[in-house]
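Visitor: Could you take me closely through a single part of this structure, and then show me what else there is around it? I am in my first year, so please go slowly.

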Number of protein chains: 2
Amino acid sequence: MPGPIQSLSRAAAIMRLLAGGERRLGLSEVATALDLAKGTAHGILRTLQQEGFVEQDPESGKYQLGAELLRLGQSYLDVHELRARALVWADDLARAAGETVYLGVLHQQGVLIVHHVFRPDDTRQVLEVGSMQPLHSTALGKVLVSYDPVARGELGAGPYEPYTLRTLTEAAEVDAECALIRERGWADSVEETWEGVASIGALIQDRRRNPVGAVCISGPVERVCEDGFVKPSLVASVRSAARAISRDLGAGRF
Amino acid sequence: MPGPIQSLSRAAAIMRLLAGGERRLGLSEVATALDLAKGTAHGILRTLQQEGFVEQDPESGKYQLGAELLRLGQSYLDVHELRARALVWADDLARAAGETVYLGVLHQQGVLIVHHVFRPDDTRQVLEVGSMQPLHSTALGKVLVSYDPVARGELGAGPYEPYTLRTLTEAAEVDAECALIRERGWADSVEETWEGVASIGALIQDRRRNPVGAVCISGPVERVCEDGFVKPSLVASVRSAARAISRDLGAGRF
DNA sequence: GACAGGCGGTCGACATTGTCGACCGCAGTG
DNA sequence: CACTGCGGTCGACAATGTCGACCGCCTGTC
């Protein structure tokens, strides 16, 4: 039976739809958006609700995502091997560099943040675990595109969305940059996604040298860069953290 | 069609199974655990994998939860109205009390943590958003059981699991405690779940006075208690934060 | 190195199961 | 006070997911 189960695919589409729209959605909205009969959509929503994946506002009758997703998402993190092994290294890196550290893996057409260490001295930061970053304009994303053919495939042919004036929007530009990244072994992104923010990332490999994720540090361009380039000392810190995590993953087997 | 969609319920059961077991599970394990034909389990797993809810270790062929769950769980938090309105109050409370703050809602037979503010001065804490706490032995749980009939129903008749010597394990004990909680308007839990940890919680209501969640502060018993009782000043802080959040929720409408 | 046992995965027949579109009662609205 | 939209239900139909036998592969064993 090499075909997906229809009702499941539809349920997944409904949840993604609910995740996308900022506000709650009504039954009819869901049905028309996915081109389903109202009865069908209702059956799926009822089951999802009963399982806790979707909740219904009793007042308006509209639907939103449910708490069970948060719980399962947490379980995903608990089991995540890369994350588990990287925790302590990420902490060290944040302390050594004095900047925010992110750990990301490829997910669909972006980088999913699976770990986030706050900048040591600073308060008032928002945890970004579970959020996504673009592939073509972040250090994490460019690392993955450079080394993981799947990531390159997900990126597509462009043109890509320009977030700032420095964003690379053409496939040829990104590919050229990736060749450079492969050559020197690390990626940077200076104000390519957010004004004033620069980051430096490096690849994490598993025991069989497959790319499995990336680490990066991220901070204000004034602190991360010097004379228009990222500070070599920070690059060294990130690369050594990436190597340490990779080694740790490889050691799991032997 | 007031019946749940079979394949969806089964898919949910599979995901819960994967979330429960610490390690990855094989196809046959999943099938026998849920009493399904291998072909059926495979069909569901294949669809879940394709949608990103489940991942397969290419080496061992075993299954684990997928990244999409983390993303959707994050989306759940983004839309969560109680959490959004409580963010700033929880911050203030943590600063005023100098202790960790949790915000929880009822989910199945427990309290799901939807927000967590670290103790201001302290480092090295693990974010517990997405994890669950028991109903019968925590301040958050007892608040919900006291005011939300659904929570009381989920709690059941006991006896409940004893985590420490001070845990209330009989329904009668918990019900008596809840009567007291309703009377004075707040709950505490001193070493009932974890040795050395005490917490104080209060109810959050929506605009129609329905219980929708609870806040608590939690910290070492030496700091939270005095002469064997929780400090009145901390109780006052928690209650005023709970009132503030409730007011904020009510104000959304008028 | 041949064998047995277990694994993940596939296949096709069967009937269970999800789907569809018409229909219901209600609430808000002009 | 009709009218339009909503969320939700119903029952007939056949498309759909389910089942158990089967396949090829790997691993451990004697």
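Guide: In this predicted model, helix 4 of chain A covers residues 67-79, and at 1.5 Å a residue its 13 residues should span 18 Å, which agrees with the 19 Å between its end C-alpha atoms. Of those 13 residues, 11 are buried, so helix 4 of chain A is largely enclosed by the rest of the structure; here a residue is called buried when under 20% of its relative accessible area remains. Among the buried residues of this helix are A:A67, A:E68, A:L69, A:L70, A:R71 and A:Y76.

Chain A also holds an open sheet, in which 6 strands follow the order 5-4-3-8-7-6 with antiparallel pairing. Strand 5 (132-134) and strand 6 (187-190) of chain A stand at the edges with a single partner strand each, so one side of each is left without a neighbour in the sheet. On average, and with direction ignored, neighbouring strands of this sheet are turned by 30 degrees against each other. Within the sheet, strand 3 (residues 100-107) and strand 4 (residues 110-117) of chain A run antiparallel and are joined by 7 bridges, and A:V101 has A:V117, in strand 4 of chain A, as its bridge partner.

Finally, a turn of 180 degrees with a shift of 0.0 Å along the axis lays chain B on chain A with an RMSD of 0.0 Å. The two copies are therefore related as by a two-fold rotation axis, and the same surface serves both, since 100% of the contact residues of chain B recur in chain A.

Key:
Residues numbered from 1 in each chain as written. Chains lettered and ligands numbered in written order. Predicted model: local features only at pLDDT ≥ 70, side-chain atom pairs only at ≥ 80, totals over all residues. Heavy atoms only, no water. Least-squares fit on C-alpha atoms with pLDDT ≥ 70 in both. Contact = heavy atoms within 4.5 Å. Pairing = 2+ DSSP bridges. Helix = DSSP H or I, 4+ residues; strand = E, 2+ residues; numbered from the N terminus. Axes fitted to C-alpha atoms, helices over the stretch in contact; angles between N-to-C directions. Expected span 1.5 Å × (residues − 1). Buried < 20%, exposed > 50% of the residue type's maximum accessible area, 1.4 Å probe, protein only.
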